[in-house]
Amino acid sequence: MPATNNVTRLLDSHKIPYTAFELPNEKLDAMETARLLGVPAETVYKTIVVTRPKPGKPILAVIPGPNRVDLKLLAIALNEKKMSLPTEREAEQLTGLQAGGISPLALINKGFQVVIDASAQKQAEVHVSGGQRGLNIRLPVSALAGLTRARFAEISLPE
């Protein structure tokens, strides 16, 4: 039985259907996760921490595994002048989560603004991190957006 943590308890409490998958407890990228799960890479979404120049919580950009976040598109979507990518260590400090386990579901009510790439709207379900390394969650896109109060925007481009 896959691990139980705050994310799975949250999903259970909201009666959201999901499937939890256990993976090796190491930092895996979205492409490796897709390969291990035997699912299309474009259904495995990764969470990228992005900072804004003015004071305010960082943004969580949730994008398809094969893509990269486009800072200009994200800035336009959020009416910001400029966005930047923190280092992996800075992202871990900002979120309190390990890289490879950063999940918008684990950061609900922590003040992060969540933006999901518009491509997710073409999917019924997507895979995201379960808030810790080694735990992947497949859930409906509508549930992910609803729980995280996310907005959809074109924020990524193919690598």
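This is a walk through the two sheets, the nonpolar cores, the largest pocket and a few single residues of a predicted model.

A word on the ground rules before we start. Residues are numbered from 1 along each chain as its sequence is written, and side-chain values use heavy atoms, with hydrogens and water left out. Because this is a predicted model, local features need pLDDT of at least 70 and side-chain atom pairs count only at pLDDT 80 or more, while totals for chains, interfaces and linings use all residues.

Let us begin with the sheets. Strands of a sheet pair through backbone hydrogen bonds, either parallel or antiparallel. Here, strands (E, at least two residues) and helices (H or I, at least four residues) are DSSP runs, numbered from the N terminus, and two strands pair if DSSP finds at least two bridges between them. One open sheet has 4 strands in the order 2-3-5-8, with mixed pairing. Strand 2 and strand 8 stand at its edges with a single partner strand each, so one side of each has no neighbour in the sheet. On average, neighbouring strands of this sheet are turned by 30 degrees against each other, direction ignored; the axes behind such angles are lines fitted to C-alpha atoms, for helices over the stretch in contact, and angles run from 0 to 180 degrees between N-to-C directions. Strand 5 and strand 8 pair in the parallel sense, over 3 bridges, and there you can find Val115 opposite Arg151 in strand 8.

The other open sheet to visit has 3 strands, in the order 1-7-6, and its pairing is antiparallel. Its edges are strand 1 (19–22) and strand 6; each has a single partner strand, so one side of each is left without a neighbour in the sheet. From one strand to the next, the twist averages 25 degrees. Strand 1 is joined to strand 7 by 4 bridges, and Ala20 stands opposite Ile137 in strand 7.

Ile137 leads us inside. In soluble globular proteins, nonpolar side chains tend to be buried together. A nonpolar core is a set of buried Ala, Val, Leu, Ile, Met, Phe, Trp, Tyr and Cys residues joined through side-chain atoms within 4.5 Å, where buried means under 20% relative accessible area, exposed over 50%, and partly exposed in between (1.4 Å probe, protein chains only). The largest core has 30 residues, and those with the most contacts inside it are Leu105, Ile116, Val128, Ile137 and Leu139. Elements giving two or more residues to this core include helix 1 (6–13), strand 3 (59–64) and strand 7 (135–140), but helix 5 gives the most, with 5 residues. Apart from this core lies another, of 13 residues, including Ile59, Ala77, Val115 and Ala153.

Val128 shows how the core is knit together. Contact here means heavy atoms within 4.5 Å. Neighbours within four places in sequence aside, the contacts of Val128 include Tyr45, Val62, Leu105, Ile137 and Leu144.

Leu144 belongs to helix 5, where it is buried along with Val141, Ala143, Ala145, Leu147 and Thr148. This helix is mostly covered, with 6 of its 8 residues buried. Among the elements covering those buried residues are helix 1, strand 5 and strand 8 (151–153). Just after helix 5, Arg149 takes a positive phi of about 55 degrees.

Two asparagines also have positive phi. Asn79, in the loop between helix 3 (71–77) and helix 4, has a phi of about 55 degrees although it is not a glycine; at 70% relative accessibility, Asn79 counts as exposed. Asn109, in the loop between helix 4 and strand 5, has a phi near 65 degrees and is exposed at 69% relative accessibility.

Asn5, in the segment before helix 1, is buried instead, at 9% relative accessibility. Leaving aside its neighbours within four places in sequence, Asn5 is in contact with Gly130, Gly131, Gln132 and Leu135. The C-alpha atoms of Asn5 and Gly131 are 8.1 Å apart, although 126 residues separate the two along the chain.

Our last stop is the largest pocket, lined by 38 residues, of which Lys27, Lys46, Thr47, Ile48 and Gly100 lie nearest its centre. On a 1 Å grid over the protein atoms alone, a pocket is an open set of points where a 1.4 Å probe fits, with protein on both sides within 12 Å along at least five of seven lines; lining residues have an atom within 4 Å of a point. Strand 2 supplies the largest share of the lining, 5 residues.
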